[in-house]
Amino acid sequence: MSKFKVVVTDFEYASLAIEEEVLEKAGAKLIKKQCKTEQEVIEACKDADGIINQYAPITRKVIENLPTVKVIARYGVGVNTIDVDAATKHGVFVANVPDYCMEEVADHALSLLFACARKIVQLNQSVKSGVWDYKVGTPIFRMNGRVLGLIGFGRIPQNLATKARVLGLELVVYDPFVSEQVVKEYNAKLVSLNELVEKSDFISVHTPLTKATQGLISDEQFTLAKKEAFIINTSRGPVIDEQALIRALQEGKIAGAGLDVIEQEPIDPTSPLLKMDNVILTPHVAWYSEESQVELKRKTAQNVADVLLGNNPTYLVNQQLKK
């Protein structure tokens with residue numbers, strides 16, 4: 001008989017065999033659910049020792065109604081689905097996996113940048129519709145010497161910065177939590193948000209979603225941006241004020257966008273973004289490779305197993321609880 005009960009609140013994966021393998025070694029049984037609401041999470045996890053979470057809401061109300069839960073581990077880097085303050089107050093460890101997809105997200109951001117800069121998608125669609133004319137994509141500018149602005153400068157944008165430098169892109173960075181010395185190590189310049197927007201030909205968003213970053217890029221920033229600038233987002237949709245972005249695109253304040261994340265996912269079929277030739281959309285896939293998926297699943301489960309066995313999880317978010 002299993003010593004512990006661990007509930008997966010919701011998941012998109014075809015199999016949870018990796019998680020089951022890791023947790024079984026810790027004496028835990030994995031229960032699979034597909035919760036969407038607070039009440040569904042409370043009902044599913046009422047006697048659980050651990051939780052693995054993807055998108056279901058783990059709010060203060062949920063945490064207050066789960067007295068046996070010791071750890072909540074999220075699939076991914078962001079923990080915006082979890083009320084971390086409430087978890088900390090109740091002594092519940094919160095864990096994530098911040099290092100599983102650094103290469104993938106950096107590569108995806110760079111791919112979107114390339115596709116925007118060279119008008120790849122627009123030209124592909126044009127050729128397939130019977131038009132063989134390079135002028136469909138004009139203007140296209142040489143990338144060498146252009147400026148890439150990185151909003152946020154954690155592991156992923158640092159990875160991207162290394163790759164972008166090889167292409168001859170100049171780098172500016174906005175991140176109030178990173179020192180100038182760290183930025184200089186990547187031959188980049190630390191600037192304010194508005195200065196970054198004014199200088200950049202490509203703006204790539206890499207900040208986590210918090211109360212402080214929600215709507216961080218809005219009308220003021222799009223008004224300051226270059227008309228030939230492109231914005232790339234592989235972070236979280238709500239960091240960009242989507243209505244402000246739509247207005248900026250419609251009014252020609254910026255040249256286009258490459259978005260792997262948006263405010264509402266899946267995208268609303270009536271969204272104006274779907275009809276814009278200068279917008280490239282991918283379905284929140286930047287994190288994915290076969291290797292990163294395996295790594296994510298194993299590390300998420302191991303976070304839970306570690307706590308159930310009396311240890312600190314490797315990727316502890318609320319460090320105040322560290323033993």
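**A walk through the predicted model**

A search of the whole structure finds three cavities of 30 Å³ or more. The model searched here is a predicted one. In the largest cavity lies about 60 Å³ of space. Its lining includes A117, K119, P139, I140 and F141. R146, D201, F202, E228 and F230 line the largest cavity too.

Turn now to the sheet. Five strands form an open sheet, and their pairing is parallel. The order across the sheet is β2-β1-β3-β4-β5. At the edges stand β2, residues 28-32, and β5, residues 93-95. Each of these edge strands pairs on one side only. On average, neighbouring strands of this sheet are turned by 20° against each other, with direction ignored.

Look at one pairing in detail. Strand β4 covers residues 71-74 and pairs with β5 in the parallel sense. Three bridges join β4 and β5. In β5, A95 is the bridge partner of A73.

A helix crosses this sheet. Helix α12, made of residues 290-308, lies across β1, β2, β3, β4 and β5. Here β1 spans residues 4-8 and β3 spans residues 50-53. Helix α12 runs at about 165° to β4.

Next comes the packing. In soluble globular proteins, nonpolar side chains tend to be buried together. The largest nonpolar core in this model has 57 residues. Which of its residues touch the most other members? They are V6, L23, I52, Y75, L148 and V304. Helix α5, residues 102-117, gives the most to this core, with nine residues.

V304 deserves a closer look. Leaving out residues up to four places away in sequence, V304 touches V6, L23, G50, I51, I52, V71 and A73. Among these partners, V6, L23 and I52 are also on the list of residues that touch the most other core members. Another core lies apart from the largest one. That other core has 29 residues, among them V172, L193, V197 and M276.

One last stop is a loop. S218 sits in the loop between β9, residues 202-205, and α10, residues 219-224. Is S218 buried or exposed? S218 counts as buried because its relative accessibility is 17%, and buried means under 20%. S218 touches D241 and A244, again not counting residues up to four places away in sequence.

Terms used. Residues numbered from 1 in each chain as written. Predicted model: local features only at pLDDT ≥ 70, side-chain atom pairs only at ≥ 80, totals over all residues. Heavy atoms only, no water. Pairing = 2+ DSSP bridges. Helix = DSSP H or I, 4+ residues; strand = E, 2+ residues; numbered from the N terminus. Axes fitted to C-alpha atoms, helices over the stretch in contact; angles between N-to-C directions. Contact = heavy atoms within 4.5 Å. Core = buried A, V, L, I, M, F, W, Y, C linked by side-chain atoms within 4.5 Å. Buried < 20%, exposed > 50% of the residue type's maximum accessible area, 1.4 Å probe, protein only. 1 Å grid on protein atoms, 1.4 Å probe; cavity = no way out; pocket = protein on both sides within 12 Å on 5 of 7 lines; lining within 4 Å. Points joined across faces, edges and corners; volume = space filled by probe spheres on them.
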